[in-house]
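Let's take a look at one protein chain, starting with a spot where two helices meet and then stepping back to the whole thing. Keep the 3D view open as you read.

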Amino acid sequence: MKKVVVLGGGYAGVLTAKKLAKKFKKNKDVQITLIDKQSYHTMLTELHEVAAGRVNEESIRMDLKNIFAGRNVNVVLDEIKNIDFDRKVLKSDQATYEYDYLVMGTGCKPTFFGIPGAEHAHQLWSYTDAVNLREHILNMFRQAALTSDKEKRRELLTFVTVGAGFTGVEMAGELGEWKDELCRSFHIDKEEVTLYVVDFAPKVLPMYPDKLVRKAERRLEKLGNQLVMNSAVSEIQADKVILNKGETVINTRTVIWAAGIEGSDIVDQAQVEKAGRGRIVTNAHLQAKDYSDVYVVGDNIFYIPEGEERPVPQMVENAEHSAPVVAHNIAADIKGGEYKSYKPTFHGSMVCIGSRYGVAQVGMPGMWFNLSGFFAMASKHLINLVYFVQVLGFNKIWSYLMHEFFHTKNNRSMVGGLLSNSAPVFWKFPLRVFVGFMWLQQGLSKLPKIVHDFNNVFLLPQPPKADTLTAASGAVSDAVTQASGAVADAVTQASGAVVEAVGQAASTNGDIFTMMADLIHNFMEWIAVLPVPGFVENMVGWSMDTFFYTADGTQFTQLASLVQGGMICGEIIFGGMLIIGLFTPVAAIATIAMGCMIWASGMAPTEMLWYLVGGFALIGNSGMVLGLDYYVWPWLRDTMKRIPLLRKWYLYVD
């Protein structure tokens, strides 16, 4: 039995464990264990959204047991305190874990560079940090709303973000947006809130070109942030932050630290060669320099690729690239084969400044594109989706879209509130019953005809070469012709009356009434039947000839009878489901499909538009009010989570 231990449930650790599980899914002689001190994986790149109240805290968590459901990975909740590389043993306060191969993916932690009073600052490097910071900011506004002391009020409403890199800029942008909402909630004037961004560097996001830097700085200032560049933090106290050895003092109760990172505690203690603030030095195969059975992934890597001058950056893409290399090399060790060398190609980075604006540099070495605004935000969301589908598949994609676009608070999303579906669904109850009743009565009115003779096909046009026309069919044809003629005459008379009335008005009120009369006349001619494009008619004609008529074009096939019977049964079943509110999204989509079939056949009256529009309006959980979906959906969600195949492929929603 070969024991592979992945230490750390961050981006790199999770991806490495999944890659290993895939390589050894049929090998019972390999045991894969992932150890982390938390039971969930945290989306570190989205911490600022929780800290500034944009999304709920559960949106940045992913349960590790759900991630590895149905896979050969044992998830252990424990905190490793010591690693003995010579004996190949990991130790915690409760247990000891042996390994044959160890993957170090413990990530990093904030570094304070020895600044006195750092314990007074709020970090933003974990799920707990984000939740605590959000509650602290809310508490500052609560206290400010209850005090009349101007100096104390000013301290409470002053917020200082230290660090103008990715994390600091994203947090400052979110806080700049959130302050407006907080001021409304606590009845505080916006002018009383002061935001600072402090950094030793001369500009924000120094890794970006000047054009993007200027855009980022303008956006931060527009959101109310004052940029204090070329300033070093000398000391942090409970009620102030001191800059440049006392030259500047900012009175504040909130200092948000986002100014740098270093290796995690366990890496700091590890007896391996390190460089660059606690990163483990590796070779090209991502093996620790001193131990070939210890591999390193993600932020823990210190490796300078051939031809480069700097080590690989500590960013998410590094985690995504290193995971498959390490999994392959461990598999090569166990199964035999050649090692892969780590040759990452990075495709850029994105920074959001609030919910609606961002800056990004994307592309590849030698060909970079600078993006800002909507397109930068779109690239950020796209990259997130690519990552999430690797970790928790459909489940996380669905959750992410809900939190970022459809369940937004105060229109804080890339598209504002345009996609928000937070309107109460009880207003849809009358529409749901009405649309359901219309479909139900349509089906029930046709049902006796197929009960009497199932092969009586009356919903489809007659075969083009049928030679069995009878007097009855001629009579029916005449009746239809007369009826259509009567309808046409009625429409003509009605339109003529309207035209005449409008024309009389036009004689005294000008040419505008004549134009209106022409429009009304044309509209009434158009609405007699819903038009069908020529290419749709051709497709329908081809399908009829292929599936519903015999080769000689004289009779219906058995499939035609089945389709007609299915259509009538569908009208009854889905109409009934809408009325009682059972699986309403499925029923609504089915009625839309049936309406489109009727429209494509060229026989859809104008009222079909109401059926189609009503169906679209009912897709979104309309059965949760006075319907069975209120009971069925929660039960179904819980049941789906317990089905091994669905859990393995993440085909469920929380």
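## Where two helices meet

In this predicted model, Y11, V14, L15 and K18 of helix α1 touch Y387, Q390 and V391 of helix α10. Sort the residues of this contact by type and you get five nonpolar, one polar and one charged.

How do you describe a pair like this? Two packed helices are described by the angle between their axes and by how far apart those axes are. Here, the axes of α1 (residues 11-23) and α10 (residues 374-391) come within 10 Å and cross at roughly 50 degrees. An angle under 35 degrees would count as roughly parallel, and 65 to 115 as roughly perpendicular, so α1 is oblique to α10.

## A hairpin to find

Now scroll along to strands β6 (residues 80-84) and β7 (residues 89-92). The two run antiparallel, and four bridges join them. If you want a pair to click on, N82 sits opposite K91 of β7.

The hairpin has four residues between its strands. Look for K88 there: its phi is positive, near 60 degrees.

## Stepping back

Time to zoom out. The chain has 20 helices and 27 strands. It runs to 654 residues, and 46% of them count as buried.

What about contacts along the chain? Take those with a separation of 6 or more: 66% of them are between residues 24 or more positions apart. As for the outside, the accessible surface is about 32800 Å², and carbon and sulfur atoms make up 59% of that.

Note on methods:
Residues numbered from 1 in each chain as written. Predicted model: local features only at pLDDT ≥ 70, side-chain atom pairs only at ≥ 80, totals over all residues. Heavy atoms only, no water. Axes fitted to C-alpha atoms, helices over the stretch in contact; angles between N-to-C directions. Parallel < 35°, antiparallel > 145°, perpendicular 65-115°, else oblique. Contact = heavy atoms within 4.5 Å. Nonpolar A, V, L, I, M, F, W, Y, C, P; charged D, E, K, R; others polar. Pairing = 2+ DSSP bridges. Buried < 20%, exposed > 50% of the residue type's maximum accessible area, 1.4 Å probe, protein only. Areas by Shrake-Rupley, 256 points an atom, 1.4 Å probe, with all protein chains shown as cover.
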